[in-house]
Amino acid sequence: MISAVIIEDENAAYLHLKNILEINYGSQLTIVGHETRVEKGIKLINDLNPQLVFLDIQLQDGDGFEILDHFSDSYAFEVIFTTGLRDYKEKAMDYFAFYYLNKPIQEDQLIGVLDKFLSKQPAFNNDKYVAFKNQLENKQKKISLPMINGDFAIVDIDDILYCEADGSYTKFHTKDNKVYTTSCNLKKVEGILMQATFFRIHRSTLLNLKHIVQFNHTGELVLSNKKKLMVSSRNKTNFLRILKLMNYSVS
């Protein structure tokens with residue numbers, strides 16, 4: 001049974017969403033809580049540890065992004081934004097939301113989103129996330145990647161070139177030119193790899209700094225396998241700082 005919370009300050013919208021979920025997913029998903037404010041929403045998530053959060057953007061005392069900022073990289077729940085604001089979809093994707101639904105919520109669209117969400121659950125749950133993260137924090141040299149078919153691939157951490165977002169999945173590109181697709185979004189992967197030499201160069205790309213061989217002023221970098229990637233303009237300043245901290249710099 002999937003546990004879910006709804007953070008929504010419009011009572012009619014909350015009841016509409018709750019009704020759709022109970023009618024269509026009563027045997028698969030349970031709504032364990034509801035809040036209308038940022039601080040209370042944070043407490044709700046901390047107290048109940050849900051697997052799924054339906055999150056409105058405009059709340060009584062702030063916005064839904066503040067809730068996600070509070071949890072930073074540590075949250076293991078998925079987020080489905082439910083909002084009447086149509087100008088925040090790109091920002092929502094920066095938080096690697098599972099989906100972004102515009103209000104009024106359409107039942108058929110919500111069912112399509114929930115079916116997709118439920119289909120990926122067996123491959124990566126919270127227990128696997130914690131175990132996966134502990135491997136790195138214990139400085140193990142290999143990690144086990146949960147595949148979308150339920151299998152696991154054992155990979156050397158140093159062999160990972162970069163990780164690429166693919167919707168709510170992540171592709172791990174390795175130096176032997178293999179690609180492993182996991183049922184874990186890039187934001188979770190970033191949280192897991194914080195203890196290793198990885199840096200977010202783009203909202204959809206997490207780079208292993210050990211494989212950089214060249215970087216130029218346009219923002220283009222070359223990896224050890226000759227693959228070329230671009231550093232986004234918003235991340236370029238911090239990336240340059242990281243480069244200056246690597247080994248020694250003559251600048």
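1. Let's start with the sheet. In this predicted model, 5 strands make up an open, antiparallel sheet, and their order across it is β12-β11-β10-β14-β13. The edges are taken by β12 (179–182) and β13 (198–202), each of which pairs on one side only. On average, neighbouring strands here are turned by 20° against each other, direction ignored.

2. One pairing is handy to look at in your viewer. Strand β10 (residues 160–166) runs antiparallel to strand β11 (residues 169–174), and 6 bridges join the two. If you would like a residue pair to look for, Tyr162 has His173 in β11 as its bridge partner. As a general reminder, strands of a sheet pair through backbone hydrogen bonds, either parallel or antiparallel.

3. Now to helix α2, which spans residues 38–48. Which of its residues are buried? They are Val38, Gly41, Ile42, Leu44 and Ile45. These residues lie on the same side of α2, because the arc they cover around the axis is only 160°. Turn to the face pointing away from that buried side and you will find the exposed residues Glu39 and Lys43.

4. What do the buried residues of α2 pack against? Their partners include the strands β1 (2–7), β2 (29–35) and β3 (52–55). The strands β4 (58–59) and β5 (62–63) also belong to this list, as does helix α3 (64–71).

5. A small backbone detail to finish: Asn49, just after α2, takes a positive phi of about 50°.

Terms used. Residues are numbered from 1 along each chain as its sequence is written. This is a predicted model: local features need pLDDT of at least 70, side-chain atom pairs count only at pLDDT 80 or more; totals for chains, interfaces and linings use all residues. Side-chain values use heavy atoms; hydrogens and water are left out. Two strands pair if DSSP finds at least two bridges between them. Helices (H or I, at least four residues) and strands (E, at least two) are DSSP runs, numbered from the N terminus. Axes are lines fitted to C-alpha atoms, for helices over the stretch in contact, and angles run from 0 to 180 degrees between N-to-C directions. Buried means under 20% relative accessible area, exposed over 50%, partly exposed in between (1.4 Å probe, protein chains only). The arc is that of the directions from the helix axis to the C-beta atoms. Contact means heavy atoms within 4.5 Å.
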